[in-house]
Amino acid sequence: MDLKLDHHQDDRLTIVEVEGEIDVYTAPRLRELLIDLVNKGSYHLLVNMEKVDFLDSTGLGVLVGGLKRVRAHDGSLELVCTQERILKIFRITGLTKVFGIYASVDEAKEAHGRDK
Amino acid sequence: MATVELTFSALPAHVRTARLVATAIARRTGVEESLLDEVRLAVGEACSRAVEAHRAHCPGEPIRIELKDDSGRFEVTVSDQAPSDEIKQEQPVDLGALSDSFMSGFGIAVIAGLADDVEVFPSPKGMRIRMSWPAPTNARVV
């Protein structure tokens with residue numbers, strides 16, 4: 001399955017919807033979107049990965065790159081993910097300590113609201 | 001011992017094909033369903049690393065994968081032809097040091113976390129990554 005990307009604004013958060021496979025072939029498209037959003041002033045990103053079928057270290061690299069970019073503007077990049085197959089790669093690489101990972105968009109919004 | 005060999009050009013688009021072939025053969029060989037995601041991800045990581053290495057050093061050379069059903073194990077070997085004298089060791093996560101392009105070294109760390117058994121053979125003539133998973137012979141689909 002190819003990668004489908006969409007995004008919308010929800011109060012201060014920009015929610016990025018990702019569907020499909022994030023790998024060495026498709027990850028550049030996600031990287032371009034994240035860079036574009038940051039360049040346009042979106043510094044609080046929530047990436048919804050509930051419809052992601054596959055994620056490899058290239059995809060992790062893109063998410064880390066996005067996080068570095070938003071942090072340069074005191075922003076945030078957090079994730080929504082409950083799929084064990086995807087969470088496993090975050091655990092293996094230790095990136096669960098780097099990203100805020102939530103079970104739903106609502107949960108992430110609530111946590112983000114508390115942190116404001 | 002049944003063997004399938006696949007060679008492909010160093011193009012990112014072909015990595016997905018390699019993953020799908022490896023997963024299909026793993027299933028047919030009798031690897032448990034619960035391990036197939038690990039096979040898919042580990043083979044994808046090995047192929048992504050090889051593609052990146054070839055694109056940097058020898059884009060015209062093909063990458064080779066060998067998939068074997070051997071004595072109750074499903075064994076995958078990914079071989080590239082890009083020089084690799086050393087393996088970057090796994091480091092604690094340091095956000096500032098991580099690149100947003102391919103995180104070289106992370107791929108092998110991921111494979112080590114996924115495969116039941118992994119061996120990495122770096123050399124000036126290329127790297128060979130061999131990994132295997134249990135494949136009970138009585139579970140084999142004929």
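**Exercise 1.** Determine whether B:Ser71 is buried or exposed, and then describe its place in chain B and its phi.

*Solution.* B:Ser71 is exposed, since 9 other C-beta atoms lie within 10 Å of its own (20 or more would make a residue buried, 12 or fewer make it exposed, and anything in between is partly exposed, with C-beta atoms placed from the backbone). The model is a predicted one, in which local features need pLDDT of at least 70 and side-chain atom pairs pLDDT 80 or more, while totals for chains, interfaces and linings use all residues. Residues are numbered from 1 along each chain as its sequence is written, and chains are lettered from A and ligands numbered from 1 in the order in which they are written. Turning to its place, B:Ser71 sits in the loop that joins strand 2 (63–70) to strand 3 (73–79) of chain B (helices are DSSP runs of H or I with at least four residues, strands runs of E with at least two, numbered from the N terminus). Although B:Ser71 is not a glycine, its phi is positive, at about 50°.

**Exercise 2.** Find where A:Asp74 lies and state the sign of its phi.

*Solution.* Begin with the location: A:Asp74 belongs to the loop between helix 2 (57–71) and strand 4 (76–80) of chain A. Its phi is near 55°, which is a positive value in a residue other than glycine. As for its surroundings, A:Asp74 has 8 other C-beta atoms within 10 Å and is therefore exposed.

**Exercise 3.** Work out how helix 2 and helix 3 of chain B are arranged.

*Solution.* First place the two helices in the chain, whose elements run β-α-α-β-β-α-β-β from the N terminus on, with three helices and five strands in chain B. The axes of helix 2 (residues 33–57) and helix 3 (residues 106–114) of chain B come within 9 Å and cross at roughly 155°. Helix 2 of chain B and helix 3 of chain B are therefore roughly antiparallel to each other (over 145 degrees; under 35 is roughly parallel, 65 to 115 roughly perpendicular, the rest oblique). Among the residues that meet are B:Leu41, B:Ala42, B:Glu45 and B:Ala46 in helix 2 of chain B, together with B:Val110, B:Ile111 and B:Leu114 in helix 3 of chain B (contact means C-beta atoms within 7 Å).

**Exercise 4.** Name the residues that B:Ile111 touches beyond four places in sequence, and relate B:Ile111 to the largest nonpolar core.

*Solution.* Leaving aside residues up to four places away in sequence, B:Ile111 touches B:Ala42, B:Glu45, B:Ala46, B:Val118, B:Ile129 and B:Met131. The largest nonpolar core has 69 residues, and B:Ile111 is listed with A:Val47, B:Ala42 and B:Cys47 as having the most contacts inside it (such a core joins buried Ala, Val, Leu, Ile, Met, Phe, Trp, Tyr and Cys through C-beta atoms within 7 Å). Helix 2 of chain B supplies the largest share of this core, nine residues. Looking at chain B as a whole, buried residues make up 40% of its 142 residues.

**Exercise 5.** Describe the side of chain B that touches chain A.

*Solution.* Start with the counts, which are 23 residues of chain B in contact with 23 residues of chain A. The elements that give two or more residues to this side of chain B are helix 1 (13–29), helix 2 and helix 3. Of these, helix 2 of chain B provides the largest share, six residues.

Key
Axes fitted to C-alpha atoms, helices over the stretch in contact; angles between N-to-C directions. Contact = placed C-beta atoms within 7 Å.
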